[in-house]
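Biologist: Could you take me slowly through this structure, explaining each term as it comes up?

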Amino acid sequence: MKRIGVLGLQGAYAKHLAILQQLDVQAVDVRKGEDLEKCHGLIIPGGESTTMTKLINEIDMHDALLKFSVDRPVFGTCAGMILMATKVDDDRVETLNLLDIEVERNAYGRQIDSFIDELDVTTNGHPFSMRGIFIRAPRIKNIGDEVEVLASVNGEPVLVQQGHHMAAAFHPELTGETRIHNYFSTLKGEMSLA
Amino acid sequence: MEKGSFEVKVGLAEMLKGGVIMDVTNAEQAKIAEDAGAVSVMALERIPADIRADGGIARMSSPQVIKEIQETVSIPVMAKCRIGHFAEAQVLESLSVDFIDESEVLTPADEHNHIDKHASKVPFVCGCRDLGEALRRIGEGAAMIRTKGEAGSGNIVEAVRHMRQVQKDIKLLTVLGDDELMAKSKDLGAPYSLVKQVGKLGKLPVPNFAAGGIATPADASLMMQLGAESVFVGSGIFKSEDPPVRAKAIVASVTYYNDPAKLAEVSYDLQKAMKGLDMAEIPEGERLQERGW
């Protein structure tokens, strides 16, 4: 069975684990570099990107994450997306440069401006609608040529994919939505584990 | 587009899980907290240990201080208002604070009524000592609960008492039959619909954090192991001899609460924790936890 890890340093990791448990995969709580070895894919949850940056550095996990991402899929939501970007407007956050996107933190405003909106998503050529919940969300300001947009809000990308990596500005794990996680679980890196 | 709904409010509480929310009284302390890895800061006029020492009326922080903190840090900024003081809450909402703590640490403004938290677009966190109190606050619209402990005491005993009580009350609900839940709802003084929901879920319908007395990494680990999903640290950081180092150690202790070797490692360089108070030194009637119902 495919094993998908959730980076459990801080944030909504338990919600991601709960969604994965509804799918045909084994969910793994990842808190150390060595936990990555048994995973076929990794989710970096929402939370605070400054806090996660500090914890990743505290345990020297940065290089382990980079190495993991070369041949295995990574999916970041909200703060996780910020950590995957090539460019962010804040030097308090150290990114992994996994997706050719430029992001702005808390770009929609403070919590009072957090919102839920109806999203039109397309994965594998199949369109569907879902509710997207945006919490002090980051905005994708620019994307590289190789980045595919899977969903947008007001013309701005909110769900993107590049090769075997993907990222969302919103939180599919908070609305009981399984389709996004299910799609991610089908992505294949170059590495095949038994 | 939907804003300010209960689901959106609880969403932010979910993001704060596994993190540390630190009490700060100015922008300089907020910066130290953010640099240490805090997920959020709580703005208040004086930290609980000083409120206890100085006496007088403790009120909401000044808008100027809150603005300075908001301009200094990128993490969510919370602020406290007095129990029942909905006008303070309205001011905090107009300042766009990210979370409001209707807190027993400040002097209560209303001895009978807590704030109608559904009326605000900003999420609220409230303290509790048992499940009934937690569910009354959730019934009023709180999007996060924290056990009260005894703020400013540096003593974990009350936080433990309250967390154990809440967990025990929840466990009981999971084994009671449907025909017993209304009577239980009456005993708890809590809304029947929430009592039923907790019985089914086996946990609170909103995140449950711990507060009041956390002074060391091991204290934070203890509360996490007892079922807290995150911790608030008030006086424990800025009343210690080494705020930046201690703040960082407590952040790591929440992530690695189940890893004693890691806890020992992060505690290695710590200097003295805050002195703290035995509960016998705080007479009944002067305990902050007794405020609110």
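Biologist: At what angle do helix H2 of chain A and helix H12 of chain B pack?

Modeller: Helices (H or I, at least four residues) and strands (E, at least two) are DSSP runs, numbered from the N terminus, and axes are lines fitted to C-alpha atoms, for helices over the stretch in contact, with angles from 0 to 180 degrees between N-to-C directions. Helix H2 covers residues 49-58 of chain A and helix H12 covers residues 243-255 of chain B, and their axes lie 11 Å apart at an angle of about 85°. Because angles of 65 to 115 degrees count as roughly perpendicular, under 35 as roughly parallel, over 145 as roughly antiparallel and the rest as oblique, H2(A) and H12(B) are roughly perpendicular.

Biologist: Which residues of H12(B) make this contact?

Modeller: Contact means heavy atoms within 4.5 Å. On the side of H2(A) it involves Thr51(A), Leu55(A) and Glu58(A), and on the side of H12(B) it involves Lys248(B), Val251(B), Ala252(B) and Thr255(B).

Biologist: How far should I trust chain B, and what is its mean pLDDT?

Modeller: This is a predicted model, in which local features need pLDDT of at least 70 and side-chain atom pairs count only at pLDDT 80 or more, while totals for chains, interfaces and linings use all residues; side-chain values use heavy atoms, without hydrogens and water. Residues are numbered from 1 along each chain as its sequence is written, and chains are lettered from A and ligands numbered from 1 in the order in which they are written. The model scores ipTM 0.95 and pTM 0.96. With pLDDT being the predictor's confidence in each residue, from 0 to 100, 100% of the residues of chain B reach 70 or more, and the mean is 96.

Biologist: Is Ile100(B) buried or exposed?

Modeller: Ile100(B) is found in strand E5 (residues 99-103) of chain B, and among the residues that it touches are Ala79(B), Leu92(B) and Phe124(B). Buried means under 20% relative accessible area, exposed over 50% and partly exposed in between (1.4 Å probe, protein chains only). Since its relative accessibility is 0%, Ile100(B) counts as buried.

Biologist: Which residue of E1(B) is the bridge partner of Phe115(A)?

Modeller: Two strands pair if DSSP finds at least two bridges between them. Strand E7 (residues 115-123) of chain A pairs with strand E8 (residues 126-134) of chain A in the antiparallel sense over 9 bridges, and 2 bridges also join E7(A) to strand E1 (residues 2-3) of chain B, again antiparallel. In E1(B), the partner of Phe115(A) is Lys3(B).

Technical notes:
Lists of a residue's contacts leave out its neighbours within four places in sequence.
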